[in-house]
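Reader: I am new to this structure and would like a close look at a single part of it. Please show me the model before I ask.

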Amino acid sequence: MIHFYDKHRTLVMTLERTQIKQDVVPIWEFDIKIAYKYFSASLTVGDLCGSFETFKNELSDFYNGKRCSANLTLIERELEICFYKENEQMICKIQSNHFEMDNTMCHSSLIINYEIDQSFLPELIDEFDKEISTNDLIV
């Protein structure tokens, strides 16, 4: 399980991997729970395994000062995560999107911006690393 905390170490979001589907390319599925102030959401998303590894590498570079941001945007844009610096503060932006396609396109989003403490980043990177190194495929 992967945990996202704010600067007071209050849990904001969890990602729990439920399975890896092996089709043409491996797809990771996660159950996501977001709770911040009086907003909450839960969703199940999936994306290519490589997207999460790229994000983990960007987080590591962001922590080490080699990048000015770290971003994860899933293919279907159901979840977008961005870490960046603004006026000496580290910010995390989480955006959950829902799209309906029929005769018209309907879109709803939950967007949360909160300050983080950079001391929590190594733990977050380690949690991503543990998920990436687990190779249990469920078909």
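Reader: How many residues does α1 have, and what does α1 reach from its first C-alpha to its last? Please take that helix as the part to look at closely, and follow the chain outward from there.

Author: The model is a predicted one, and what follows should be read with that in mind.

Helix α1 covers residues 49–63. It has 15 residues, and from its first C-alpha to its last it reaches 22 Å, which is close to the 21 Å expected at 1.5 Å a residue. Several of its side chains are shielded: Cys 49, Phe 52, Phe 55, Lys 56, Glu 58, Leu 59 and Phe 62 are buried in α1. For Cys 49 the relative accessibility is 18%, so it counts as buried, the cut-off being under 20%. Asp 61 also belongs to helix α1, but Asp 61 is partly exposed, with a relative accessible area of 28%. Asp 61 can also be placed against a residue further along the chain: Asn 71 is ten residues away from Asp 61 in sequence, and their C-alpha atoms are separated by 11 Å.

Next comes the partner of this helix. α1 and α2 pack with their axes 10 Å apart, at an angle of about 155°. Angles over 145 degrees count as roughly antiparallel, and α1 and α2 are therefore roughly antiparallel to each other. Their crossing is left-handed.

Helix α2 takes in residues 121–133, which makes 13 residues, and its reach from first C-alpha to last is 18 Å, close to the 18 Å expected at 1.5 Å a residue. The buried residues in α2 are Leu 121, Leu 124, Ile 125, Glu 127, Phe 128, Glu 131 and Ile 132. These residues cover an arc of only 160° around the axis, so they lie on the same side of α2. Lys 130 and Ser 133 are exposed on the other side of α2.

Back at α1, the chain can be followed past the end of the helix. Gly 65 follows α1 and has a positive phi, near 80°. The loop between α1 and β5 (69–73) also holds Cys 68. Unlike the buried Cys 49, Cys 68 is exposed, with a relative accessible area of 66%. Cys 68 and Ile 112 are 44 residues apart in sequence, and their C-alpha atoms are 19 Å apart in space.

The cysteines raise the matter of disulfides. A disulfide is a covalent bond between the sulfur atoms of two cysteines. For Cys 68 the closest cysteine sulfur is that of Cys 82, 8.9 Å away, which is too far for a bond, since the pair would have to be within 2.5 Å. The count of disulfides comes to zero.

Two other loops hold residues with a positive phi. Asn 87 is in the loop between β6 (79–86) and β7 (89–101). Its phi is about 50°, a positive value, although Asn 87 is not a glycine. Asn 87 is exposed, with a relative accessible area of 69%. Arg 9 sits in the loop between β1 (2–5) and β2 (11–22). Arg 9 is likewise a residue other than glycine, and its phi is positive, near 60°. Arg 9 is partly exposed, its relative accessible area being 37%.

Strand β2 contains Leu 11. Leu 11 is partly exposed, at a relative accessible area of 40%. From Leu 11 to Tyr 36 there are 25 residues in sequence and 8.1 Å in space, C-alpha to C-alpha.

To return to the part you asked about: α1 is a helix of 15 residues, with buried residues including Phe 52 and Leu 59, and α1 runs roughly antiparallel to α2.

Methods. Residues are numbered from 1 along each chain as its sequence is written. This is a predicted model: local features need pLDDT of at least 70, side-chain atom pairs count only at pLDDT 80 or more; totals for chains, interfaces and linings use all residues. Side-chain values use heavy atoms; hydrogens and water are left out. Buried means under 20% relative accessible area, exposed over 50%, partly exposed in between (1.4 Å probe, protein chains only). Helices (H or I, at least four residues) and strands (E, at least two) are DSSP runs, numbered from the N terminus. The expected span of a helix is 1.5 Å times one less than its number of residues. The arc is that of the directions from the helix axis to the C-beta atoms. Axes are lines fitted to C-alpha atoms, for helices over the stretch in contact, and angles run from 0 to 180 degrees between N-to-C directions. Angles under 35 degrees count as roughly parallel, over 145 as roughly antiparallel, 65 to 115 as roughly perpendicular and the rest as oblique. A crossing is left-handed if the near helix is turned anticlockwise from the far one by less than a right angle, and right-handed if clockwise.
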